[in-house]
Amino acid sequence: MSDLGVTLKNQGSESRSALVLGEDTRSFLSVVRSLGRAGYTVHVVCYDRTSPSLKSKYISAAYYYNYQAYCNDEWIVNVLCLIERYKYDIVFPCDERAIYPLWQVRKELPTTTKLAIANQEALDALFDKWKTKEIAIKCDVPVAGGELIDLTETDYRQLTEKYGDRFVVKPLQSFEMTSLDKRNKVVIVKSQRDFLDFKQFNSASERYLVESYFKGSGEGLSVFAWKGEVKTAFSYRRLAEPDAGGGSSYRGSSELDPDQLQATEKICRETNLTGLAMFEFRRNLQSNRWILVEVNARVWGGLPLAEYAGIDFPKIYTDFLLESAESKTVNTSISHVTARALTADLYEIKRESEKISKEVGRQKAVMHMAKRLAGVMRFLSPKESIDTLRFDDPKPFVAEVGEISKNIMGSVFKERTYLTHYRRWLMRNKLRKVFSENQSRKIIFICYGNIIRSPFAEHYFSDQMKRSNVSLDIDSFGFHPKESRQSPDIAISAASLLQCDLTNHSSKCLTQMDIKETDIVIYFDDKNRDAIESGYRVNHAFCAADLLDNTYPCLSEIDDPYESDVETIKKCYDKIKNALDNFMSIYKGAIQ
């Protein structure tokens, strides 16, 4: 059974119920599995319709509300309606995109529903990197030297004079309440280009934290605390991590460092932490000196490793919330194991090999890749796991492997002429069938920004309909959240060469409300397709490249010509014109 926003599976009627919000195959899937194994009927709000996590047998119902297809207000209204309807015993958000809005409306939740979010004092302190730093200093916890800066009044030279040729710039928060669709990223600045790029893409906010670069390896200390008292703790090391920072794709459990545990306990007491948190440290392996990097007061990416090692953090936290077991202590012994985020680790292996090839040579790169890929096979050992693979719930792993295989095969066979011809034949037959069933469908053209490709398609097809005496409802949209943007001058010039006027075009961002069940969506490249499939419910989507004729025998995408020149954009428009001429022929043939 399915409808606009939900996929339903088997549901129990007597068990406790839980709503889990997220999308990834790490923390989100781990929470789903934890509560499912504990006997909860688990519903989820998933931001990504294509997430392998959705294959978990422990999910009874899935709802697909995200910040691409829905605005912030629409998102929270829909989630509140779910909570009110099902009156879940526990609501468990897995990242800030759900934590922030749910915490703001917590007083509107049913009195019987518990919210798995840390206390206000901890949220205020630990979701702000500068406040976290101040508390760490107050508690005598080692941190990197740093300060708050105004990005608009700071230049690269000033920072290099103080922090050297390599330093770190951090947004104060990973997400802003006003733009929950966008994650703010930490950057390790290694050059002036890095700094200028960061300023360009982060100009909306002025205050940032700049810190000295601390050379070392990443370590994590995860805790469940109740009213400031650490009840259980788990430590792990990053065995693989990107040079530019970010999450680790390969992790191993480790013995608790007494000094790090003591530092963690101080901060937990200072913030009266009630909930889950991951304290990220960095250790210099030569000096053995370490610093606190940041704290995530929520479930974390390395959660599957803790679960595999024998510590079920989500269940521990939920038991405390629902049973009010304030005096309860949690003593858990762990196994020394490793865990791998398969897709992320394969990309990391590829990145490492490309870097080695560039710096040392291809032979060394091939040897490194072979060694790392051989290491992936260690998942067959009882001491190693893959985040998605659990034998009581194998389908997320199967889905992840399927997606990896699809991407590999797609890149290998993408430009093969015979496959392009077959796909075009298949899509055209499908399009004819769709029009033969209903010839009055609305046509929606979509590209990323709705300023170059899709507006040209809309205007050209409008003129084409007038010439052909055809009447269809048409429109164009993009995925870029900023609306009312004009087409670039070079796009306007290129369109004018084809007697198409984009002067008065104003961009629009696509929402789920803009799409009806009978609409036909025309997109232009793989990124457009992925955005549609992951974020929207669309019944009839077609790639414009599949409508091209033999003038373009191998083309599988019509690439975005953003920041190119007039001639390049005109060539792009020639392809779109060719595709839409064929589209009109298919339409006419289908309705006769």
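# A tour by selection

Start with helix H16, residues 489-496, where Ala 491, Ala 494 and Ala 495 are buried. These three alanines cover an arc of only 100° around the axis, so they sit on the same side of H16. An α-helix has 3.6 residues a turn, so residues three or four places apart point the same way. Now show helix H15 (453-468) and helix H18 (566-591): the buried residues of H16 pack against both. Keep in mind throughout that the model on screen is predicted.

**Helix H18**

Stay on H18 and select Asp 574 and Lys 570. The two residues lie four apart in this helix, about one turn. Asp 574 forms a salt bridge with Lys 570, and their closest N and O atoms are 3.1 Å apart. Is Asp 574 buried or partly exposed? Asp 574 counts as partly exposed, at 24% relative accessibility. Lys 570 is also in the partly exposed class, at 21%.

**Other salt bridges**

How many salt bridges does the structure hold? The total is 39. Select Arg 283 and Glu 219 for one of them, with 2.8 Å between the closest N and O atoms. This pair links distant parts of the chain: Arg 283 belongs to strand S15 (residues 275-283) and Glu 219 to strand S12 (residues 217-226), with the two positions 64 residues apart in sequence. Arg 283 is buried, at a relative accessible area of 8%, and Glu 219 is buried as well, at 12%.

Next, go to Asp 530 and Arg 529. Their salt bridge has its closest N and O atoms 3.0 Å apart. Asp 530 is partly exposed, with a relative accessible area of 39%, and Arg 529 is partly exposed at 24%.

Then select Arg 340, Asp 345, Glu 352, Arg 372, Arg 378 and Glu 384 together; salt bridges link these residues in a network. Side chains of opposite charge can pair when their charged atoms come close.

**Helix H1**

Move to helix H1, residues 27-37, and pick Val 31 within it. Val 31 is buried, with a relative accessible area of 0%. What does Val 31 touch, not counting residues up to four places away in sequence? Display Val 20, Phe 92, Cys 94, Val 299, Leu 303 and Pro 314 to see its contacts. For a sense of distance, add Asp 150: Val 31 and Asp 150 are 119 residues apart in sequence and 38 Å apart in space, C-alpha to C-alpha.

Ser 27 is also placed in H1. Its relative accessible area is 6%, so Ser 27 is buried. Leaving aside neighbours within four places in sequence, Ser 27 is in contact with Cys 94, Val 299, Trp 300 and Leu 303. Cys 94, Val 299 and Leu 303 appear in the contact lists of both Val 31 and Ser 27.

**Helix H3**

Select helix H3, residues 96-104. How many of its nine residues are buried? Eight are, and the helix is mostly covered. The buried residues are Glu 96, Arg 97, Ala 98, Ile 99, Tyr 100, Pro 101, Leu 102 and Trp 103. To see what covers them, show the elements they pack against: strand S3 (17-22), helix H2 (72-86), strand S6 (90-93), strand S7 (114-115) and helix H4 (120-126).

**Cysteines**

Colour the cysteine sulfurs. A search of the whole structure finds zero disulfides. Cys 139 is accordingly in none, and the nearest cysteine sulfur, that of Cys 268, is 9.8 Å away. Cys 139 counts as buried, at 9% relative accessibility.

Go on to Cys 543. Why does Cys 543 form no bond with Cys 572? The sulfur of Cys 572 is the closest cysteine sulfur to that of Cys 543, but at 12 Å the distance is too far for a bond. A disulfide is a covalent bond between the sulfur atoms of two cysteines. Cys 543 counts as buried, at 5% relative accessibility.

**A patch on the surface**

Finish with a surface view and select Tyr 422, Trp 425 and Leu 426. These residues make a nonpolar surface patch of about 340 Å². Leu 426 lies in helix H14 (residues 417-437). With a relative accessible area of 35%, Leu 426 is partly exposed.

Definitions and conventions. Residues numbered from 1 in each chain as written. Predicted model: local features only at pLDDT ≥ 70, side-chain atom pairs only at ≥ 80, totals over all residues. Heavy atoms only, no water. Buried < 20%, exposed > 50% of the residue type's maximum accessible area, 1.4 Å probe, protein only. Contact = heavy atoms within 4.5 Å. Disulfide = S-S within 2.5 Å. Patch = residues over 30% accessible without salt bridge, like charges linked within 9 Å, V, L, I, M, F, W, Y side chains within 5 Å. Areas by Shrake-Rupley, 256 points an atom, 1.4 Å probe, with all protein chains shown as cover. Salt bridge = Lys/Arg side-chain N within 4 Å of Asp/Glu carboxyl O. Arc of directions from axis to C-beta.
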